[in-house]
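Colleague: Hi! I have a few quick questions about this model before I start on my own calculations. Could you walk me through it?

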Amino acid sequence: HLWWSTSNAIQLARALAQRIGTDQPDWAPRLQQNLQALEQRLEQQRTEQRQRLAGNTKPFLLAHDAFFYLEEDLGIHSEAALMLDPENRPGLQHLVELKQRVARLQIQCVLTGALVPASLIDKIDTRPPLLRVSVDELGWDFNGERYSEWLALTYGKLAECVGLSSN
């Protein structure tokens with residue numbers, strides 16, 4: 001899930017711009033303009049979100065560890081992940097420990113996605129129930145055209161999960 005890192009996204013964009021610019025030299029100036037605009041937009045978004053989230057977040061869980069790069073980018077960290085790999089279900093001991101952690105830390109939200117069934121989250125849910133904020137890890141639910149727009153929507157959802165308004 002390396003696309004959750006803006007640094008990785010910028011590296012990918014640079015490599016694509018170079019390769020396409022080599023194959024299509026007439027496009028090179030436009031590709032460089034677009035690349036520069038993308039880099040500025042992503043760096044600005046990341047900086048704004050890091051400042052917004054710094055020290056202002058409530059504890060939260062991840063349904064699975066797909067969002068590691070996103071956490072690193074924003075300088076925040078979840079309390080735990082329900083699943084490290086969607087191919088392998090967690091054991092009973094892990095679920096019991098998570099349920100206890102949710103209660104002890106008064107965790108109120110889980111950032112979930114398309115790869116983790118709701119029935120699994122039900123096993124650690126408490127009263128009041130956890131807020132479940134859904135982000136499709138692969139972006140299949142996004143109908144826009146720009147990576148930065150998809151990222152902005154995700155930042156808003158994450159802000160909701162950590163107790164901030166989604167603006």
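Modeller: Happy to, and we can go through helix α1, the cores, the largest pocket and some loop residues.

Colleague: What should I know about the source first?

Modeller: This is a predicted model, so local features need pLDDT of at least 70 and side-chain atom pairs count only at pLDDT 80 or more, while totals for chains, interfaces and linings use all residues. Residues are numbered from 1 along each chain as its sequence is written, and side-chain values use heavy atoms, with hydrogens and water left out.

Colleague: Great. How many residues does helix α1 have, and what span does it reach?

Modeller: Helix α1 covers residues 6-23, which is 18 residues. From first C-alpha to last it reaches 25 Å, close to the 26 Å expected at 1.5 Å a residue. That expected span is 1.5 Å times one less than the number of residues. Helices here are DSSP runs of H or I with at least four residues, strands are runs of E with at least two, and both are numbered from the N terminus.

Colleague: Which residue caps the N-terminal end of α1?

Modeller: Ser5 does, with a side-chain oxygen 3.3 Å from the backbone nitrogen of Ser7. A polar contact is a pair of N or O atoms within 3.5 Å; within protein, one must be able to donate a hydrogen and the other to accept it, and residues adjacent in sequence count only if both atoms are side-chain atoms.

Colleague: And Asn8, buried or exposed?

Modeller: Asn8 is buried, because its relative accessible area is 18% and buried means under 20%, exposed over 50%, partly exposed in between (1.4 Å probe, protein chains only). Its side chain reaches the backbone oxygen of Leu2 at 3.2 Å. Leaving aside neighbours within four places in sequence, Asn8 is in contact (heavy atoms within 4.5 Å) with Leu2 and Tyr69.

Colleague: What covers the buried residues of α1?

Modeller: The cover includes α2 (28-53), α3 (68-74) and α6 (147-161).

Colleague: Switching topic: how many residues are in the largest nonpolar core?

Modeller: It has 28 residues, and Trp4, Phe60 and Leu111 are among those with the most contacts inside it. At least two residues each come from α1, α2, α3, β3 (109-112) and α6. A second, separate core of 15 residues includes Leu82, Leu95, Ile107 and Ile124. A nonpolar core is a set of buried Ala, Val, Leu, Ile, Met, Phe, Trp, Tyr and Cys residues joined through side-chain atoms within 4.5 Å.

Colleague: Which residues line the largest pocket?

Modeller: Ala13, Leu16, Ala17, Ile20, Leu31, Asn34, Leu35 and Leu38. The elements giving two or more residues to that lining are α1 and α2.

Colleague: How much space lies in it?

Modeller: About 190 Å³. A pocket is an open set of points on a 1 Å grid over the protein atoms alone, where a 1.4 Å probe fits, with protein on both sides within 12 Å along at least five of seven lines; lining residues have an atom within 4 Å of a point. Points are joined across faces, edges and corners, and the volume is the space filled by probe spheres set on them.

Colleague: Last one, the loops. Where is Ala66?

Modeller: Ala66 is in the loop between β1 (61-64) and α3, and it counts as buried at 3% relative accessibility. Leaving aside neighbours within four places in sequence, Ala66 is in contact with His1, Trp4 and Glu137.

Colleague: What about phi of Gln106?

Modeller: Phi of Gln106 is near 55 degrees, a positive value in a residue other than glycine. Gln106 is in the loop between α4 (92-105) and β3, and it is exposed, with a relative accessible area of 61%.
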